[in-house]
Structure formats: structure tokens, C-alpha cells
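Me: I am new to this structure and should be grateful for a close look at one part of it. Please describe the region where the two copies of the chain meet, and what surrounds that region.

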There are 2 protein chains.
Amino acid sequence: MISVTIIGSGNVAQHLVSAFAKSDLVEIVQVFSRQKVTSIPAIEPSKIVSEYTDLKLVDLFIIAVSDDAIAAVSSQIPFANMLVAHTSGGVAMGVLDSKHRKAVFYPLQTFTKNKPIVFSEIPICLETQHQSDYQILETVAISISQKVFSINSEQRKALHVSAVFVNNFVNHLYQIGNEICIENNIDFEILKPLILETSKKIETLSPKQAQTGPAKRNDNTTIESHLAFLNNENQKEIYKILTQSIQENGKKL
Amino acid sequence: MISVTIIGSGNVAQHLVSAFAKSDLVEIVQVFSRQKVTSIPAIEPSKIVSEYTDLKLVDLFIIAVSDDAIAAVSSQIPFANMLVAHTSGGVAMGVLDSKHRKAVFYPLQTFTKNKPIVFSEIPICLETQHQSDYQILETVAISISQKVFSINSEQRKALHVSAVFVNNFVNHLYQIGNEICIENNIDFEILKPLILETSKKIETLSPKQAQTGPAKRNDNTTIESHLAFLNNENQKEIYKILTQSIQENGKKL
């Protein structure tokens with residue numbers, strides 16, 4: 001068994017605890033919660049600690065806290081030469097305290113509190129400072145996911161930027177669609193099958209092959225009529241820049 | 001039985017033919033194909049015609065052709081006072097020839113050739129010039145879909161604009177994510193579970209509730225580092241405008 005302690009009690013931390021609880025290879029020794037959370041699903045309350053001095057020695061510490069707290073938290077672990085991984089896509093491995101053997105354990109998914117996640121389908125991106133630590137991290141990752149990738153810091157940054165486009169920005173476009181529906185007294189439910197199919201389509205087609213719509217067709221009559229319809233300047237700007245981007249892209253064919 | 005003829009042999013036409021073939025309430029009398037297509041799945045070749053003079057009288061003509069051909073095609077139907085519906089989200093009902101009883105039969109989905117569609121889950125938006133024609137159109141729609149909505153032309157325009165945001169523009173963001181991956185030698189497969197989960201998340205949360213990421217958190221350090229990372233001016237512009245839009249939106253809370 002590999003002994004692991006999770007530092008943090010937010011969404012990612014809780015989903016990791018639940019996933020490891022089902023693993024035969026990993027034992028969760030403790031969960032550290034600054035907020036003195038007393039109950040976390042799938043872990044005995046006695047294993048939840050809120051003082052760094054209460055932490056026990058383990059094979060791996062996984063830090064699942066907000067990006068700007070990672071450095072400080074890693075320096076507070078009261079041992080040296082520990083294998084310590086953070087879980088952030090947006091933070092370099094180097095911010096971890098130099099007294100540790102540094103690593104990254106980045107599950108690339110959007111986590112929602114109380115919404116169950118099939119962890120086995122979540123890609124986990126791994127990086128270690130020392131090659132000799134990679135195997136232990138990989139064993140821990142494979143125990144909860146079938147999709148484990150070795151990703152260096154530069155690649156992880158690229159992935160994180162990509163994730164902002166395909167997750168954060170995509171969700172914002174859903175919101176704009178929702179706002180247009182509300183303004184026109186239309187049930188947003190009508191658009192949900194389209195939203196789901198759009199995301200499923202790229203399982204079999206590349207996004208470039210899957211592209212449709214007035215911009216792709218250079219259908220300027222429809223584009224002009226849509227711009228005339230939109231009365232929100234911000235939505236108009238977004239419509240223009242994305243239409244232009246699709247059209248420029250089409251020329252690159 | 002309601003007798004229906006489909007005019008057109010593209011994606012939407014073929015998916016409609018396949019869906020009606022399974023219906024007990026609708027009989028496909030003919031399929032009209034300008035391109036003289038000789039074989040369409042789920043229809044006997046003898047029922048495929050390519051001359052307007054070969055069209056028979058039916059209860060409903062459904063025109064599933066490209067937007068700019070709808071008006072001309074509707075005027076070529078060699079009968080008057082027919083119930084004629086087009087299937088476009090982006091075209092007003094009024095473009096249909098005035099000799100007919102006008103209608104719209106708009107299935108709101110993205111259709112891909114050779115990719116099967118569960119039609120029962122596709123919302124169909126209906127509009128008729130004459131109230132007395134609504135019921136026949138509704139019967140035809142209900143025979144293939146559980147989600148049938150009465151949507152007037154103004155609402156349909158709003159829906160179509162929304163669909164551009166949540167389908168065409170979203171797919172373009174997928175493509176940008178894909179490009180960033182390719183440039184950095186990363187398998188785009190890593191992002192697909194995130195893409196799927198992002199679309200599923202809004203089944204239970206509103207897009208506003210589901211919003212996460214550096215823009216939402218006003219995490220300017222991450223935003224600046226992402227902008228510094230992007231070397232494509234177009235991607236940078238899109239990143240900026242969508243980040244700003246999310247931030248402005250957050251202030252409206």
C-alpha cells in the first residue's frame with residue numbers, strides 16, 4: 001500500500017479522497033483541512049486534521065488547495081525530503097518548497113461539489129522533479145484513472161490555456177446563449193441537445209471538420225442579420241471576432 | 001396517415017426521411033432531389049424524383065434545402081394552396097411563396113452525414129401562417145420527437161443566434177484548444193473528457209453557476225501568464241475579449 005495524505009478539503013480534495021477510498025493500492029492516512037472541516041465523505045473524522053504538527057509521515061502528500069496557497073502550504077509540511085505533489089494545471093512545479101521532492105498530480109477535469117465524477121475517465125497529468133519518483137506517482141494515478149499522461153511543465157501550461165478555451169470560455173458562450181433565450185422568452189432547454197451533440201461530435205470528427213454555420217459558409221447575409229439582431233454591444237463584439245476567426249481559419253485550408 | 005414529401009437530399013432531408021420511416025402516422029410519398037440522387041437510406045428509389053412536374057399532391061411539403069434556395073424551391077412546387085414548411089432556423093417563414101400555406105418545421109440540432117441521430121431527443125420548433133394548419137404540423141413533429149415547441153419567427157431568430165454561440169462558436173473554441181495542443185505536442189484526447197463534462201454540467205447548473213476559471217476568479221496573475229504564453233494574435237484577442245466579458249458579467253451579480 002502507498003500511504004497518501006491529502007492537504008485541502010475543497011472540490012478536488014474531496015473527489016480525490018472518494019476515488020482513493022475505492023483503491024486497493026492507496027491508503028489515505030490523513031486529510032488536512034485549514035477550515036477545520038469535521039466531515040468529509042469516505043474518510044473517518046479522526047483522520048481529518050487542521051494543524052500541520054499533526055501530520056504523519058507518508059509516501060506522498062497531495063496538495064489540493066487554491067493556486068496561490070500552494071507554495072505556503074508546501075513549506076508548512078513539517079518534514080523534509082517528502083514527495084509532495086500539487087494538483088494545479090496553472091502552477092509551475094517549482095513553486096513547491098525546495099526541501100521536498102517536487103511533483104505534480106493534475107487531474108484535468110472540472111469538478112463540481114456534490115456532483116459525482118467517474119474518476120477512471122479523468123486524464124491525470126504527472127510530472128516529477130526526480131525520475132525515481134515517477135513510478136510511485138504513476139502507481140497512485142493508475143489506481144484511480146485509466147488515463148495517465150507524463151506532461152512536463154511547459155506542456156501543462158499549454159494544456160491549462162487550452163482548457164480555459166474549451167471549458168471556461170465555452171461555458172461563457174453557453175451563458176450568452178442562455179441570456180439571449182431569456183430576453184426572448186425562450187426555454188433554454190431547447191438548446192441543450194444541441195450543446196451536448198456539439199461536444200460529442202468531436203469524438204469522431206476533428207473540430208475543424210465539425211465546423212458548421214454562417215461564418216464557415218461565408219453566409220454574410222445571415223451574419224449581418226444576426227449582428228443587427230444583437231443589441232448587446234459585448235455580444236456583438238464576441239460574435240464579430242469569432243466569426244472573423246472562423247473565416248480566417250477557413251482560408252488556411 | 002399524413003402524407004409528406006421531402007424536398008432536398010442533404011443531411012437534414014436524409015435524417016428526416018429516416019425518422020419518418022419509423023413513424024406510423026406519417027407516410028413519405030416522395031423525396032425530391034435536384035442532384036438526381038438515386039439512393040437515399042430508408043426510401044424506395046422509385047419514390048425519389050428530380051423533376052418538379054413529377055411531384056404528387058400531399059398533405060405537407062417539407063423543404064430541407066440550403067437557406068438561399070428555399071424561396072425558389074417553394075415557388076416551383078406545381079400546386080397552389082399547399083401546406084409548405086421549410087426547416088431553417090435562419091430564414092423567415094415569409095420567404096416561402098405566397099401561393100402556399102406557409103409553415104416552419106425547424107429541428108434544432110447539428111446534423112452530420114452518416115452519424116445516426118436519436119430524433120426523439122431533438123427539439124422541433126414549429127410555426128404556421130394559419131392557426132388551422134398548426135395541428136397537422138404538430139402531429140407530424142410529435143411522430144418523430146418528444147420535444148415539440150411553438151416558436152414564432154422572432155423567437156426562432158433569437159434561437160438561431162443563440163445556436164451560433166453555443167454550437168458554431170463553441171466548436172471554434174474546441175479548434176483553438178486543439179491547435180494549442182498540436183503546437184505543444186499534446187494529445188487532444190486529454191481534453192475530451194473535460195469538453196464533455198463542460199457540456200453535461202449545465203444539465204444541472206445554469207451556465208452562470210457553472211462558470212469557473214481565472215477570469216471568474218479575477219486571477220490576473222494567471223490571465224497575464226496565459227496571454228504571455230499565447231503567441232497567436234488572434235487567439236490572444238479572443239482570450240482577452242472573453243475574459244473581459246466573464247469579468248464584466250461577474251460584476252452584474
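Reply: The account below begins with the relation of the chains, then turns to the core, one helix and a sheet.

This is a predicted model, in which local features need pLDDT of at least 70 and side-chain atom pairs count only at pLDDT 80 or more, while totals for chains, interfaces and linings use all residues. Residues are numbered from 1 along each chain as its sequence is written, chains are lettered from A and ligands numbered from 1 in the order in which they are written, and side-chain values use heavy atoms, with hydrogens and water left out.

A turn of 180° with a shift of 0.0 Å along the axis lays chain A on chain B with an RMSD of 0.0 Å (superposed by least squares on the C-alpha atoms of residues with pLDDT of at least 70 in both). This is the relation of a two-fold axis. Within chain A, the residue that comes closest to the rotation axis is Val170(A), its C-alpha lying at 2.7 Å. The copies meet through the same surface, because 100% of the interface residues of chain A are also interface residues in chain B.

The largest nonpolar core (buried Ala, Val, Leu, Ile, Met, Phe, Trp, Tyr and Cys residues joined through side-chain atoms within 4.5 Å) has 112 residues. Phe165(A), Leu173(A), Phe165(B) and Leu173(B) have the most contacts inside this core. Leaving aside residues up to four places away in sequence, Phe165(B) touches Val170(B) and, in chain A, Leu173(A), Ile176(A), Ile180(A), Leu230(A), Gln235(A), Ile238(A) and Tyr239(A) (contact means heavy atoms within 4.5 Å).

Helix H8 of chain B covers residues 233–251; helices (H or I, at least four residues) and strands (E, at least two) are DSSP runs, numbered from the N terminus. Its 19 residues reach 27 Å from first C-alpha to last, close to the 27 Å expected at 1.5 Å a residue, the expected span being 1.5 Å times one less than the number of residues. Among the buried residues of H8(B) are Gln235(B), Ile238(B), Tyr239(B) and Leu242(B) (buried means under 20% relative accessible area, with a 1.4 Å probe and protein chains only). The buried residues of H8(B) pack against helices H4 and H9 of chain A, together with H4, H6 and H7 of chain B.

Chain B also holds an open sheet of eight strands in the order E3-E2-E1-E4-E5-E6-E7-E8, with mixed pairing (two strands pair if DSSP finds at least two bridges between them). Strands E3 and E8 of chain B stand at its edges with a single partner strand each, so one side of each is left without a neighbour in the sheet.

Notes. Buried means under 20% relative accessible area, exposed over 50%, partly exposed in between (1.4 Å probe, protein chains only).
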